[in-house]
Structure formats: C-alpha cells, structure tokens
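Here is a protein chain to explore at your own pace. Take a look at the structure first, and then we'll walk through some of its parts together.

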Amino acid sequence: MPSRRRCCKTLCQSCKKKCSGEVLRVQDKYFHTQCFKCKVCGNSLAQGGFFSKDGAYYCTADYQRNFGTKCATCQDYVEGEVVTALGKTYHKKCFTCDRCRQPPPDEKVTYTGKEVLCQKCVQIPVRDGTPKTSPTTNHANGKIAVN
Ligand SMILES: [Zn+2]
Ligand SMILES: [Zn+2]
Ligand SMILES: [Zn+2]
Ligand SMILES: [Zn+2]
C-alpha cells in the first residue's frame, strides 16, 4: 500500500470521519486516538497493548476473556510462548512431565491414559519411589500462539 497518505486525507476506521488532530496508525489503518477503543469495554487502546481479531480490536483482558486459552495446568490465560500437546495448551513453564515434574526434552510427551510422561519416564517401569532423572535444559523454542 502506498504510504503517501496524509493524515488529513485519511478516514478513521471507526467513525469513518476524516482523521484530524492526533491520529493513530494501526497496521495499515488509521484511527482517531479516541476512536481506537476496545470493542467490548470501550476503553481506549491508544496506550498499552491490544489484540485484533476479525477486524475488531480488544484490550488484553477482553481478548483473553473472549478468545483466550487457558493453561491446562494453572488455569491462567496463556500468552506468548505456549506449548500445545494432546489438545491442551500450557505455559511453557507449566508443561511438565507428570512424574518427574521436569519440562520434557523436545516437548515430546506420551499420554498414558492418565499421565503425561516425558520420554524418559515413559520408559521407566512404574513402581513406587521417585525415578532418577537428570535435569535437562529445555530448549526455549515453544510454539507461538496466534489465534
Ligand atoms: Zn474516528
Ligand atoms: Zn476491553
Ligand atoms: Zn500455566
Ligand atoms: Zn518425566
């Protein structure tokens, strides 16, 4: 898109009136500062973070309430780096083996029917006591959640 538009020729995407004064540019769209609001709560999004979905804009809280995914472990909303496994979504830090409580190397886990086990634990026969595992540094390479 040619970027020769001046702000006085630009229509506000929200009220469809000419933008004048302070104008916000969001991706390739323009808004009056006061028109760039959360679709749900109407709070200004001119400051701070926002999310967009299907052409609408949301504050972080409302976006999460409407479209957010909750971590299967801590029930908090996940943002940024997440791990999805077995149809569930986890914070990277919450995605741990049910037995050794370590983040699984390579994020590979096996669901046994009742437990999510890392590749090491799944090979250890079930018996009482804590299996010995050496802590493994998990590589910082989660999947980015983009809805
Ligand atoms: Zn406007
Ligand atoms: Zn809101
Ligand atoms: Zn979590
Ligand atoms: Zn394990």
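Let's start with lysine 92, which is partly exposed because 19 other C-beta atoms lie within 10 Å. For the cut-offs, a residue is buried if 20 or more other C-beta atoms lie within 10 Å of its own, exposed if 12 or fewer, and partly exposed in between, with C-beta atoms placed from the backbone. You'll find lysine 92 in the loop between β6 (88-91) and β7 (109-111). Its C-alpha atom is separated by 9.5 Å from that of glycine 80, and the two residues are twelve apart along the chain.

Before going further, keep in mind that this is a predicted model: local features need pLDDT of at least 70, side-chain atom pairs count only at pLDDT 80 or more, and totals for chains, interfaces and linings use all residues. Residues are numbered from 1 along each chain as its sequence is written, while chains are lettered from A and ligands numbered from 1 in the order in which they are written.

**How sure is the prediction?**

pLDDT is the predictor's confidence in each residue, from 0 to 100. The protein chain averages 82, and 79% of the residues score at least 70. Confidence is highest in β4, at 94, and lowest in strand β9 (residues 143-144), at a mean of 51. Where pLDDT is low, the predicted coordinates should not be read in detail.

**The overall layout**

The protein chain has one helix and nine strands. Here, helices (H or I, at least four residues) and strands (E, at least two) are DSSP runs, numbered from the N terminus. Read from the N terminus on, the order is β-β-β-β-α-β-β-β-β-β. Of the 147 residues, 19% count as buried. Two residues are in contact if their C-beta atoms, placed from the backbone, lie within 7 Å. Among contacts between residues at least 6 apart in sequence, 18% join residues at least 24 apart.

**A hairpin**

Strand β1 (residues 23-26) and β2 run antiparallel and are joined by four bridges. Two strands pair if DSSP finds at least two bridges between them. Arginine 25 stands opposite tyrosine 30 in β2, and valine 26 has lysine 29 in β2 as its bridge partner. The hairpin has two residues between its strands, and glutamine 27 takes a positive phi near 50 degrees there.

**The nonpolar core**

Which residues make up the largest nonpolar core? There are ten: Cys12, Cys19, Tyr30, Phe31, Phe36, Leu45, Tyr57, Tyr58, Cys59 and Tyr63. A nonpolar core means a set of buried Ala, Val, Leu, Ile, Met, Phe, Trp, Tyr and Cys residues joined through C-beta atoms within 7 Å. β2 (29-32) and β4 (56-59) each supply at least two residues of this core, and β4 gives the most, with three. Domain 1 (1-36) and domain 2 (37-67) both give residues to the core, so it lies between them; these domain bounds come from an automatic or database domain assignment. Apart from this core lies another one, of seven residues, among them Cys100, Leu117, Cys118 and Cys121.

Phenylalanine 36 is worth a look too. Leaving aside neighbours within four places in sequence, its contacts are Ser14, Leu24, Val26, Phe31, Ser44, Leu45, Ala46 and Tyr57. Glutamine 47 is eleven residues from phenylalanine 36 in sequence, and their C-alpha atoms are 9.7 Å apart in space.

**Out in the loops**

Now for some exposed residues. The table lists each one with its loop and its count of other C-beta atoms.

| Residue | Loop | Other C-beta atoms within 10 Å |
|---|---|---|
| Glutamine 47 | between β2 and β3 | 9 C-beta atoms, exposed |
| Glycine 48 | between β2 and β3 (50-53) | 9 C-beta atoms, exposed |
| Glutamine 75 | between α1 (60-67) and β5 (81-85) | 8 C-beta atoms, exposed |
| Arginine 101 | between β6 and β7 | 11 C-beta atoms, exposed |

Glycine 48 and cysteine 59 are eleven residues apart along the chain, with 8.6 Å separating their C-alpha atoms.

What about backbone angles? Most residues other than glycine have a negative phi. Glutamine 75, though, has a positive phi near 65 degrees, and arginine 101 has a positive phi of about 60 degrees.
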